[in-house]
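Notebook open, structure on the screen. I want to jot down what I look up as I go, strand by strand and residue by residue.

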Amino acid sequence: MKKMLSVAGAALLTALTAVFAFGQPAQAATGFSVSNGRLYDANGTEFVMRGVNHAHTWYPQQTSSFANIKALGANTVRVVLATGDRWTKNSAADVANVISLCKANRLICVLEAHDTTGYGEDGAATTLAKATDYWLSIADVLKGQEKYVIVNIGNEPFGNQGYGAWTTDTSNAIKRLRAGGLTHTIMVDGPNWGQDWSFTMRDNAGTVFNADPQRNTVFSIHMYGVFDTAGEITDYLGRFRSAGLPIVVGEFGFNHSDGNPDEDTIMSYAQANRIGYLGWSWSGNGGGVEYLDMTTGFNPAQLTSWGQRIFAGANGITATSREASVYSGSSPSPTTSPSPTTSPSPTTSPSPTTPPTTTPPPAGGCTASYTVVNSWQGGFQGDIKVTAGSAAINGWTAKWTFANGQTVSQSWNATVSNSGSAYTARNVDYNGRLGAGASTTFGFIASWNGTNATPAVTCTAS
């Protein structure tokens, strides 16, 4: 995300004059892969990104943000890194720790190099070639992480000048990464400060996709003031869908200095068409766009209006996110151990209002722990973690009774029903089978008024 854009409004409605042509993508068995315009994880399960951007390179001490972002339901975090060409370089060791934080908190890591932002218009920005140099310089910590990491070559790699070189420069960067041994899914941003008002990425995406010998590239559009009407949003995303090319909304906001993006359409169309989205940004914005902070001072208990919208609103992250299947029934070991003082354990969600309640697991059975992960006037988000006992289970049912009139309005990762204040949650098809000691989590949004006591939760295995 960067600065106000100069936009030629008429160019937004330019007709697509050529049909994208591309070959059948090769499957990357070790990690994420692309097929027929969809992204699949290493298990072959379709994966739709639901998450946020986190400005790690400027706030490296905010490592607890990974757990806090996960606790609100995200399945992906796009992490801002620096190549050293404009901002202080994130070392290989630091990137390894970022990956470990993502894995520990069961998030997919989209790693992006930010120094390319606005190249050609911003004299301080660097080239995609320099960003490629950076990725190759830290290749050792990226290799072996293909199940959990997507490499976003360069953030918003051209401004509103010189962007005609986008197709060639992007293609060359992809080829160099492949030649250097990186087999990860690659993400590429559009020019024009990411918003592609010139349609350079849209009209040349097929060429760039075919330049990847693995056919494992995803395109990322950033939606701010250029995308202020439903028609512009649905037309742009729809053309990628029709062409069978993978597209995600890598950044967007609810407002911006260059206009008022239509976030409702972005989120509803993305949900209806299984398109990933990553909102900008968790916290720490400056330069007059502080309104894009989702939290105040990185505090997950203080969601801003934008934070409330993207997490708890219609088609928001909390209700629509699905954890990557590579994490199902397992807790992957981090590549380096995050500091316990700055990074909460992935098995314990932050709880600003109530601590989790749990009971010891019986052999062959299951237990459930209840946590309020966020609360606001009149509403709250609850998570319930189900853990198998000493033997594997094929399904589970969790039950609890609210004592203070709380009412669940939406839920995810479970089928939830109620009879008055008594609630029952049953596993869905993808999270019922748990190995001995393995866990899964489901969540819900509920109302409360005055008192929000923590109920006891029982769990029955099948």
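I started with strands β5 (residues 108–113) and β6 (residues 149–152), which pair in the parallel sense over 4 bridges. For the record, strands (E, at least two residues) and helices (H or I, at least four) are DSSP runs, numbered from the N terminus, and two strands pair if DSSP finds at least two bridges between them. I looked up one bridge here: Cys-109 has Val-149 in β6 as its partner.

Note to self on the source: this is a predicted model, local features need pLDDT of at least 70, side-chain atom pairs count only at pLDDT 80 or more, and totals for chains, interfaces and linings use all residues. Residues are numbered from 1 along each chain as its sequence is written, and side-chain values use heavy atoms, with hydrogens and water left out.

**The barrel**

Next I followed the strands round. They form a closed barrel of 8 strands with parallel pairing, in the order β3-β4-β5-β6-β7-β8-β9-β10. From one strand to the next the twist averages 25°; angles run from 0 to 180 degrees between N-to-C directions, with axes as lines fitted to C-alpha atoms, for helices over the stretch in contact.

Which strands pair with β3? I found β10, parallel over 3 bridges, and β4 (residues 76–81), parallel over 4 bridges. Gly-51 has Leu-278 as its bridge partner in β10 and stands opposite Thr-76 in β4. I also checked the cover on β3: 5 of its 5 residues are buried, where buried means under 20% relative accessible area, exposed over 50% and partly exposed in between (1.4 Å probe, protein chains only).

**A helix on the strands**

I then looked at helix α5 (residues 166–179), which lies across β7 (186–189) and β8 (217–223) and runs at about 160° to β7. Helix α8 (residues 263–272) packs on the sheet, touching β3 (50–54), β8, β9 (247–252) and β10 (276–279), and its direction makes about 150° with that of β9.

**Val-188**

Val-188 is found in strand β7. Buried or exposed? Val-188 is buried, because its relative accessible area is 3%. I listed its contacts (heavy atoms within 4.5 Å): leaving out residues up to four places away in sequence, they include Ile-153, Trp-166, Ile-174 and Phe-219. The C-alpha atoms of Val-188 and Gly-154 are separated by 6.9 Å, though the two are 34 residues apart along the chain.

**Cores**

I pulled up the largest nonpolar core, which has 91 residues; Leu-111, Trp-135, Leu-142, Ile-153, Phe-219 and Leu-237 touch the most other members. Such a core is a set of buried Ala, Val, Leu, Ile, Met, Phe, Trp, Tyr and Cys residues joined through side-chain atoms within 4.5 Å. Beyond its neighbours within four places in sequence, Leu-111 is in contact with residues including Val-79, Trp-135, Leu-142 and Val-149. A second, separate core of 24 residues includes Ile-393, Ala-414, Tyr-423 and Phe-442.

**Thr-387**

Last residue of the day: Thr-387, in strand β15 (residues 379–388). Thr-387 counts as buried because its relative accessibility is 18%. What does its side chain meet? I found a polar contact of 2.8 Å to the side chain of Ser-439. (A polar contact is a pair of N or O atoms within 3.5 Å; within protein, one must be able to donate a hydrogen and the other to accept it, and residues adjacent in sequence count only if both atoms are side-chain atoms.)
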